Amino acid sequence: VGIGTTTPWRKTSVAETASNPQFVIAYDTTRYADFQVDSVGDLIINPQGADAYLNDDNMWVCTGGSCPTGTPSGTGNLVVETGLAVGTSTPSGSLVALQAADNSTFVRLTAAGNARFSIGTDSSGNVLQYSSNSKDIRFGTTSAPTQLVIKGDSNKIGIGTTTPAEQLSIQERLFVGAGGVSTLGQATSTFMGDIKILGKLDVSTIDPVYTIDGTKYATYGHSTIGVKEEVTAKFAVKEYDEKRQLYKHTVVFPAQKEGSDLWLFYQVTDFGEDWEHLVVNLTPAFDGRVFYEEDTATGTMTIYADKPGNVSARLVADRYDAAQWPNLRPDQDDPYTSHTVPRK
């Protein structure tokens, strides 16, 4: 049957060469839907009520002559085989959304309770991502140890933890690479401000840098075997001991001024029961003999000299928790190593 044509090419062919719909389905003269094929062969559906429904079914948009195999769960699904475009007629991927104006949202995912995740731009065209109603942004499952969480009710980020205590909290280990650079002196990262490490710091070389007249100088930090603390001091050995016919100066560790170097050294070290963990080096500022004696019962150290003068002292002792840090490391399977040296 041909309508508008004398050569129908299907069982029913409707033709209209003018820019009008070829077919109309109507409820009455004011409520209808137009079907039109334009001059390039595209189908235009124009319902007068402005809505088109596909009730209790799925819609497939496929390439080629047939759709791929598969059955969506339930009905009301839209299956697009190649690309879905929103706000643009030239999608460059599977899902492309384009919003022409800045300072707006072009993708928004909303769940029950009005919690949503949105992607948009600011007035400068920068891409913004945010969630509302103080909800978290999570990557991974709730219990996965590799989860990345951005807290919606604070400015905190958690890696491997859903409850970051600080602005950046990492459950396991942080590795900072050098971008493939293996030469010495190449800094991998720069931290401005203080760094707090509650555990042990593994580092190959410590180098506080001093700049003098625009030139940088290395001042390598001292390292010891075992966890120790040390302090230096200069004492005036001038009190004369009639009995021993020597000059002396007595250091009473428990009576040192609170907050002083010697007071703090005494508080944070473990001398041992017989002070076997305390090492004292004395250097006189004169040509003479100097030695010291210990009194563990009274907590005193007396420096003796055969003539009066100043004596420099260097005191080294185990830190109060040195027993917790033995020389043999427990993590022998860890691939990290600072220096590899041959056995002598």
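**Exercise 1. Find the disulfide, give its handedness and state how accessible its two cysteines are.**

Solution. The structure holds one disulfide, a term that stands for a pair of cysteine sulfur atoms within 2.5 Å. This is a predicted model, in which local features need pLDDT of at least 70 and side-chain atom pairs count only at pLDDT 80 or more, while totals for chains, interfaces and linings use all residues. Residues are numbered from 1 along each chain as its sequence is written, and side-chain values use heavy atoms, with hydrogens and water left out.

Step 1: the partners are Cys62 and Cys67, whose sulfur atoms lie 1.6 Å apart.

Step 2: the torsion about the S-S bond of Cys62 and Cys67 is about 100°, so the disulfide is right-handed.

Step 3: with a 1.4 Å probe and protein chains only, buried means under 20% relative accessible area, exposed over 50%, and partly exposed in between. Cys62, with a relative accessible area of 25%, is therefore partly exposed, and Cys67, at 36%, is partly exposed as well.

**Exercise 2. Identify the residues of the nonpolar surface patch and the strands that supply them.**

Solution. Step 1: patches are made of residues with over 30% relative accessible area and no salt bridge (a side-chain nitrogen of Lys or Arg within 4 Å of a carboxyl oxygen of Asp or Glu), where nonpolar side chains (Val, Leu, Ile, Met, Phe, Trp, Tyr) are joined within 5 Å and like charges within 9 Å.

Step 2: the nonpolar patch consists of Phe139, Leu148, Ile150, Ile157, Ile159, Leu168, Ile170, Leu174 and Val176, which together have about 720 Å² of accessible area, computed by the Shrake-Rupley method with a 1.4 Å probe.

Step 3: at least two residues each come from strand E14 (148–150), strand E15 (157–159) and strand E16 (168–170), strands being DSSP runs (E) of at least two residues, numbered from the N terminus. Phe139 is found in strand E13 (residues 137–139) and, at 47% relative accessibility, counts as partly exposed.

**Exercise 3. Place the two non-glycine residues Ala50 and Asp56, which have positive phi, and decide whether they are buried or exposed.**

Solution. Step 1: phi of Ala50 is about 75°, and phi of Asp56 is near 55°.

Step 2: Ala50 sits in the loop between strand E5 (43–47) and strand E6 (59–61), and Asp56 is likewise placed in the loop between E5 and E6.

Step 3: Ala50 counts as exposed at 63% relative accessibility, and Asp56 is exposed with a relative accessible area of 62%.

Conventions. Helix = DSSP H or I, 4+ residues; strand = E, 2+ residues; numbered from the N terminus.
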